[in-house]
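Okay, everyone, thanks for coming. I'd like to spend a few minutes on salt bridges, so let me put the structure up.

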Amino acid sequence: MLRYQLPRLVFINSLHHKGANPWQVIDQARSKLQHHSAAIQVPIGLEDDFKGLVDLVQLKAYYFHVEKVVVEQVPEEVPEDMEDFVSEKRRELIQTVSEVDDKLAEAFRCDKPISAPDLEEAVRRATIAHKFIPVFMGDAFKYNKGLQLLLDGVTNYLPCPIEASAYALERSKNGEKRTLVASAFTLKENWKHGQITYLRIYEGVIRKGDFITNVNTGKTFEVPRLFRKRNDCLDVIQEAHAGEIVAVFNVNYVPGDTFTDGLVRYTRSTSVDASKYLNGFQGKDSTTSRDGLEMGEESPVSRGYANDRLIMINLINSEIMC
């Protein structure tokens, strides 16, 4: 996660198990994984007595009532016998977040009352900035207790797609702006149209009849038709804009290839030099050989056994493409 700069949430599962202790798990995450984290929730009972969760941000108690295979979450007030413990854990949450969020820290130092919306915004800012990791908990076995609250946390504390930023490495000195930048991310076989390549458009516009260039291979080809996936159907479209996913046919590519209109040469900023992986395999197995490998070029790998070759390719792809 650190490598790809992704904001994170933690979910502590199996609170119904004997010996369940979410506070010990949080302490281990802090000490062993160096997580700057705190609980967003407090369990109402543990092991066989696990009944629900208290949301420390909203100060609401959620009890889980199982109706056949459906779990109903009923929000109620915090139980009186848990008020002191909930106040302690909420103050711990505020203090932990205030260490990495200046706006909340100012209110905390001045001992001002912190409302639920203010705390929620502070947790979201710190989470998106990769400075804080909210901890959720529950029991996903059989009845999925707490998972809906976890999904609510994804909505409340993680960035939505329009807030995400896409970066690329410019491989030329062309300063043109608003040009097409798209990336191939998957390939499917269709009984009617043959091989389908799906492109995610990061910038610019792609239109029917445009000529686009594969930056990695330098090959240019025309886009005869564009399609948009809708359920099990492919709808013909004339153009698509940034943020959309389109389908084109009979395009040879490697997952992760970048396509532009030829005015710029962008490539993925997370590109990995595959030669170091092949060198590692060659050191472990003398039967492995390869031709000269350069970034962005194909390199045939010679091995004695097809299965070993497939395993090696899958390991490289899993590391490079994730």
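So, the salt bridges: there are seven of them in this structure. Keep in mind that we're looking at a predicted model.

Let's begin with Glu92 and Arg30. Their side chains form a salt bridge, with N to O at 3.0 Å. What I like here is where the two ends sit: Glu92 is in helix 2, residues 83-98, while Arg30 is in helix 1, residues 22-32. That's 62 residues apart, so the pair links distant parts of the chain. Buried or exposed, you may ask, for Glu92? Well, Glu92 is partly exposed, because its relative accessibility comes out at 26%. Arg30 is also at 26%, and so counts as partly exposed.

Now stay on Glu92, since Lys89 bridges to Glu92 as well, with the closest N and O atoms 3.4 Å apart. This one is local: both residues lie in helix 2, three residues apart, about one turn of the helix. Lys89 has 12% relative accessibility, and with the cut-off for buried set at under 20%, Lys89 counts as buried.

Next, over to Glu244 and Arg228, where the closest N and O atoms are 2.5 Å apart. Glu244 is in the loop between strand 16 (239-241) and strand 17 (245-249), and Arg228 is in strand 14, residues 226-230, so this bridge ties together parts 16 residues apart in sequence. Glu244 is partly exposed at 21%, and Arg228 is partly exposed at 32%.

And back to the helices to finish: Asp27, Arg30, Lys89 and Glu92 are joined into one network by salt bridges that share partners.

Note on methods:
Residues are numbered from 1 along each chain as its sequence is written. This is a predicted model: local features need pLDDT of at least 70, side-chain atom pairs count only at pLDDT 80 or more; totals for chains, interfaces and linings use all residues. Side-chain values use heavy atoms; hydrogens and water are left out. A salt bridge is a side-chain nitrogen of Lys or Arg within 4 Å of a carboxyl oxygen of Asp or Glu. Helices (H or I, at least four residues) and strands (E, at least two) are DSSP runs, numbered from the N terminus. Buried means under 20% relative accessible area, exposed over 50%, partly exposed in between (1.4 Å probe, protein chains only).
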